[in-house]
Amino acid sequence: QVQLVESGGGLVQAGASLRLRCVLSGRFWTSFPMGWFRQAPGKEREFVAGIASSGGRTNYADSVKGRVSISRDNAGNTLYLQLNSLKPEDTAVYYCAARTVPSPNYSLVYTGKGEYDSWGQGTQVTVSS
């Protein structure tokens, strides 16, 4: 059982930057594939960015490509999402997710929300115009 806790959200103006952080705790001995998703009011939860358990590969949604960067620390316990040039349409609750089921391909990045089994409580990002 793992727990994920996000932080770093807030209210910012368009064009600003934020760095979201997700701390992973619990009993585990390996890095997991992880990702960031977001959900705006009245919309489905959507993929934002993902990183392989090896940390060597990443993937981004087209809507954020070039403005967002996902990374993790060497121990695999902390996941980051750097958000730059924020737009009002980036307003959403941002969720951190981990895939803790066995995933033998260490270089695979998962993009579907159904492929993750552990979720944080979310952190609100609001971008004003």
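**Contacts and rings around Thr78, Phe47 and Trp119**

Leaving aside residues up to four places away in sequence, Thr78 is in contact with Arg21, Cys22, Val23, Ser71, Arg72 and Asp73. Keep in mind as you look around that this is a predicted model. Thr78 belongs to strand β8, which covers residues 78-83. Its relative accessibility is 8%, and buried means under 20%, so Thr78 counts as buried. Elsewhere in the model, you can find a charge placed over a ring: Arg19 lies over the face of Tyr80, 3.9 Å from the ring centre.

Now let us turn to the aromatic residues. How many aromatic pairs are there? The count comes to 4 aromatic pairs. Take Phe37 and Tyr116 to begin with: their ring centres are 5.4 Å apart and their planes stand at 75°, and because planes over 60 degrees apart count as edge-to-face, this pair gets that label. What does the pair tie together? Phe37 sits in strand β4 (residues 34-39), while Tyr116 is in the loop between β9 (92-98) and β10 (118-119), so the pair ties together parts that are 79 residues apart in sequence. Are these two residues buried or exposed? Phe37 has a relative accessibility of 1% and therefore counts as buried; Tyr116, at 5%, counts as buried too.

From Tyr116 you can step on to Trp119. These two residues form an aromatic pair that is edge-to-face, with 6.3 Å from centre to centre and 65° between the planes. Trp119 has a relative accessible area of 27%, so this residue is partly exposed. Trp119 also has a charge over its ring: the charged end of Arg45 sits there, 4.9 Å from the ring centre.

Which residues make up the aromatic cluster? Phe37, Phe47, Tyr116 and Trp119 form one cluster. We have not yet visited Phe47, which lies in strand β5 (residues 46-51). With a relative accessible area of 14%, Phe47 falls under the 20% limit and is therefore buried. What does Phe47 touch, not counting residues up to four places away in sequence? Its contacts are Trp36, Phe37, Asn59, Tyr60, Ala61, Tyr110 and Thr111, so one of them, Phe37, is also a fellow member of the aromatic cluster. If you would like a distance to check in your viewer, try the C-alpha atoms of Phe47 and Gly122: they are separated by 14 Å, and the two residues are 75 residues apart along the chain.

Note on methods: Residues numbered from 1 in each chain as written. Predicted model: local features only at pLDDT ≥ 70, side-chain atom pairs only at ≥ 80, totals over all residues. Heavy atoms only, no water. Phe/Tyr/Trp six-rings, centres within 6.5 Å; stacked < 30°, edge-to-face > 60°. Helix = DSSP H or I, 4+ residues; strand = E, 2+ residues; numbered from the N terminus. Buried < 20%, exposed > 50% of the residue type's maximum accessible area, 1.4 Å probe, protein only. Lys NZ or Arg CZ within 6 Å of the ring centre and 35° of its normal. Contact = heavy atoms within 4.5 Å.
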